[in-house]
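Q: I'd like to learn how to read a model like this one, feature by feature. Can we start with a helix and work outwards?

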There are 2 protein chains.
Amino acid sequence: MPVSKKEISPCPIDAMLSVIDGRWKGTILWRLSNGPMRTSELRRSIPEMTERMLIRHLQELVRDGILVRHDERSVPPCVRYSISKYGWTLVPVLETICAWGRVHLKRVGAGARG
Amino acid sequence: MPVSKKEISPCPIDAMLSVIDGRWKGTILWRLSNGPMRTSELRRSIPEMTERMLIRHLQELVRDGILVRHDERSVPPCVRYSISKYGWTLVPVLETICAWGRVHLKRVGAGARG
DNA sequence: GTTTGTACTGACAAAAGTGTCAGTGAAGAG
DNA sequence: CTCTTCACTGACACTTTTGTCAGTACAAAC
């Protein structure tokens, strides 16, 4: 029976990964950890990412309670995203992940094994 | 330019996630953290997973230096997998991820938001 | 009055990941 | 002689994720 990882899995690791997994989510969170940003600012700060993907990931992160969307309800629209209180609990985890990733990149670069 | 996440990304978060990302890798690592196991033991311990996926994930984990493959070169074959010295550096990271995941599951279960 | 910028949506195509199925070779059980 | 076990491989279908493209409303700039 094919089971999508995105379904609510009872495995805590899967649950966590389903929140940050997505081609650009790590990067988005990284940018926002320096403070709130507008949609277009975020987009310009990650040029390789398309607007479509940005918005899809933002919506998922909002749905998961990690980000908050502030809409000024003005014309032209002005929307700002920031990390929620709950989202901040995720940041130290990302830092742990990042620290290991840095070591791994060095290792891969050095061509080590074992 | 479509860029696969599996390519060597200079982002440490992506680098780390590319190692543990895969439908069953977390579970496999979890099982092996209790000690080495044979291929068929692993397979039986995770019944929802197919043999094909097990082997594909094992090979990736070996390639990334996380697991070690011990082949008894006997007939019938007997292959054991264990977490490498390097792989053990990953385990505390997985524990951090797991801890957050547990909190998240509770939160999702409770239907909280914000 | 055409263009630019804002924050989106919908339809669709391409790519990546996962699952299904059949088959390998040699030994042991029945 | 057939069936099972072991650890795998290859071909292929299906699902999910990512990317592309066009289009929305409205205002200010030119």
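**Reading a helix, a sheet and a pair of chains**

A: Sure, and keep in mind that this is a predicted model. Start with the buried residues of H4(A), which are His57(A), Leu58(A) and Leu61(A).

Q: Why do the buried residues of H4(A) line one face of the helix?

A: The general idea: an α-helix has 3.6 residues a turn, so residues three or four places apart point the same way. Here, looking down the axis of H4(A), the buried residues fall within an arc of 105 degrees, so they line one face. On the other side of H4(A), you'll find Arg52(A), Gln59(A) and Arg63(A) exposed.

Q: What do the buried residues of H4(A) pack against?

A: They pack against H2, S2 and S3 of chain A.

Q: How many residues does H4(A) have, and what span does it reach?

A: H4(A) covers residues 51-63, so to speak a run of 13 residues, and reaches 18 Å from its first C-alpha to its last, close to the 18 Å expected at 1.5 Å a residue. Just after H4(A) comes Gly65(A), with a positive phi of about 80 degrees.

Q: Now the strands. How do I read their pairing?

A: In general, strands of a sheet pair through backbone hydrogen bonds, either parallel or antiparallel. In chain A, strand S1 (residues 37-38) is joined to strand S3 (residues 79-83) by two bridges, and they run antiparallel. Met37(A) stands opposite Tyr81(A) in that pair. Strand S2 (residues 67-71) of chain A is joined to S3(A) by five bridges, again antiparallel, with Leu67(A) opposite Ile83(A).

Q: What is the strand order in the sheet of chain B?

A: Chain B has an open sheet of three strands in the order S1-S3-S2, with antiparallel pairing. S1 and S2 of chain B are the edge strands, each pairing on one side only. Between S2(B) and S3(B) there are five bridges, and His70(B) stands opposite Arg80(B).

Q: Which rotation superposes chain A on chain B?

A: A rotation of 180 degrees, with 0.0 Å of shift along its axis, does the job, at an RMSD of 0.1 Å. That is the relation of a two-fold axis. The same surface serves both copies, as 100% of the contact residues of chain A recur in chain B.

Q: How many residues of each chain are in contact?

A: 34 residues of chain A are in contact with 35 of chain B. On chain A's side, H1, H2 and H6 each supply at least two residues, and the largest share, eleven residues, comes from H6(A). That side divides into 18 nonpolar, nine polar and seven charged residues.

Technical notes. Residues are numbered from 1 along each chain as its sequence is written. Chains are lettered from A and ligands numbered from 1 in the order in which they are written. This is a predicted model: local features need pLDDT of at least 70, side-chain atom pairs count only at pLDDT 80 or more; totals for chains, interfaces and linings use all residues. Two residues are in contact if their C-beta atoms, placed from the backbone, lie within 7 Å. Helices (H or I, at least four residues) and strands (E, at least two) are DSSP runs, numbered from the N terminus. Ala, Val, Leu, Ile, Met, Phe, Trp, Tyr, Cys and Pro count as nonpolar, Asp, Glu, Lys and Arg as charged, and the others, Gly among them, as polar. Two strands pair if DSSP finds at least two bridges between them. Copies are superposed by least squares on the C-alpha atoms of residues with pLDDT of at least 70 in both. The expected span of a helix is 1.5 Å times one less than its number of residues. A residue is buried if 20 or more other C-beta atoms lie within 10 Å of its own, exposed if 12 or fewer, and partly exposed in between; C-beta atoms are placed from the backbone. The arc is that of the directions from the helix axis to the C-beta atoms.
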